[in-house]
Amino acid sequence: MPTIPSSSELKAKSLARNWPELHRRVIRGQANGQVLWQPRILAWREHRRFYGVPLPEPYEHLSVADMYRYLDCSNRLYEFNECFRLVEHPAVRRETKEIGHHRTLTVIRTPVGEQTTIEERRPSLSGAIPVKREIVTKDDLRVATWRAENAHYEYDQEVFDRLMQEVGDLGLPTMYIPRVNVQDLYINTMGVENAIYALHDWGPETFRPYFQALDNLHDQLIDLLNSLPQFEFINFGDNLHGATLSPALFEEYVLPTYRHRCERLHRAGKFVHAHWDGEVRQLLPFARETGLDGIEAITPQPQGDVTLEEVKEALGDELFLIDGIPAVYFDETYSPEVLADCVHELIRLFAPRLIFGISDEMSYTGDIERIRLVGQIVDEYNASLAKPQGIGLTAGRPT
């Protein structure tokens, strides 16, 4: 059984790495060409916990933060979203009750009407799934618009200070802005099928007040973020998927809001990226029109629908690729050599505008020790930048 290192020992090692400074220097183009390795491994851990599959030692006895320290890599710290709270109008009231068949009914009462949701828990899932969403009718949409118009965001410095103590050694504080207009309908409030029919049948003018209310609410959050210099690395948590979001819908709804958000955030020097984790071939031609500094979670073949060369063509030399390694390469279906070749190819195509990660997260069937393989290649590449020309990588492919 491997020795379980103490949390203090692991944190001391992580602090010596100074991941936040490397993160900052990479996104600012001040890292002498170095790149950063930031895998997301929470799904690997939590799915095993849910299915009762023990973690291999010593991970079974490590916190999430200490897992990253033990694996000697950085983490993308979306925990810092806890610092921001959406506060609804005080007249909004919620009532929740069980209605049988593992279902929960929530009634949202406002001065302009009610919305209802129904969620169902199933033994095969760790969370509840929506059976009925907040927006089904035009009246629901009107209530949702009023709620957005009368909400605001608050920032909690105490939460920030606590998180800095707990995980601040692993990377820059990171947060994501709520999903943009159409993606809000798809994922948060209507569901994909109902939203697509409603956009067609009700027409864009019906949704315009709601989308404007969301934009205004998110602008207020952006103003708050811009007043906080400790937040440099900002994400649009949209989960874009080309099979549900056509180029026409993207161009009409998403693109203008992306440009607007990026312009505001760039005034305060923020690095801005968006999460595109589905089929993205038909959306990639818009990448350099968005105003973004990078795109997160684009998944190449054999898992996604694009090649690395197509991603490079779309991002050019302007945008960062954030992630890029297909999650399936961490399963035993593919050899470690295939994973290593992918890492080297990503470096060749995208460095220095590259923050390595897993597109999107490693599954619970993945081999956690392959995290170290990628880390070794990245470390050796970064070290090679300080060597005389011609002395290159030793982990898998010399230059």
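In the predicted model described here, I322 stands opposite I355 in strand 14. This pair belongs to a junction in which strand 12 (residues 320-322) and strand 14 (residues 354-356) run parallel and are joined by two bridges. Both strands are part of an open sheet of seven strands, whose order is 1-14-12-11-10-9-8 and whose pairing is parallel. At the edges of this sheet stand strand 1 (36-37) and strand 8 (174-177), each of which has a single partner strand, so that one side of each is left without a neighbour in the sheet.

Within the seven-strand sheet, strand 10 (residues 271-276) can be followed in some detail. On one side, strand 9 (residues 233-240) is joined to strand 10 by five bridges, and the two strands run parallel; here F236 stands opposite A274 of strand 10. Strand 10 also pairs with strand 11 (residues 294-296), again in the parallel sense, over three bridges, and in this pairing H275 stands opposite E296 of strand 11. The connection between strand 9 and strand 10 involves helix 10 (residues 247-267), and the three elements together make a right-handed β-α-β unit.

Strand 10 is mostly covered, since six of its six residues are buried, that is, they have under 20% relative accessible area. In a regular strand the side chains alternate between the two faces of the sheet. In strand 10, F271, H273 and H275 lie on one side, while V272, A274 and W276 lie on the other, and all of these residues are buried, with both faces of the strand covered. A274 and H275, which stand opposite F236 and E296 respectively, are thus found on opposite faces of strand 10.

A further open sheet consists of four strands in the order 3-4-5-6, and in this sheet the pairing is antiparallel. Its edge strands are strand 3 (93-100) and strand 6 (128-132), each of which pairs on one side only. From one strand to the next, the twist averages 30°. Strand 3 and strand 4 (residues 103-110) run antiparallel and are joined by seven bridges, and the bridge partner of R93 in strand 4 is R109. Helix 5 (residues 138-149) lies across strand 3, strand 4, strand 5 (113-121) and strand 6, and it runs at about 100° to strand 5.

Key. Residues numbered from 1 in each chain as written. Predicted model: local features only at pLDDT ≥ 70, side-chain atom pairs only at ≥ 80, totals over all residues. Heavy atoms only, no water. Pairing = 2+ DSSP bridges. Axes fitted to C-alpha atoms, helices over the stretch in contact; angles between N-to-C directions. Contact = heavy atoms within 4.5 Å. Buried < 20%, exposed > 50% of the residue type's maximum accessible area, 1.4 Å probe, protein only. Right-handed = clockwise from strand over helix to strand, strands pointing away.
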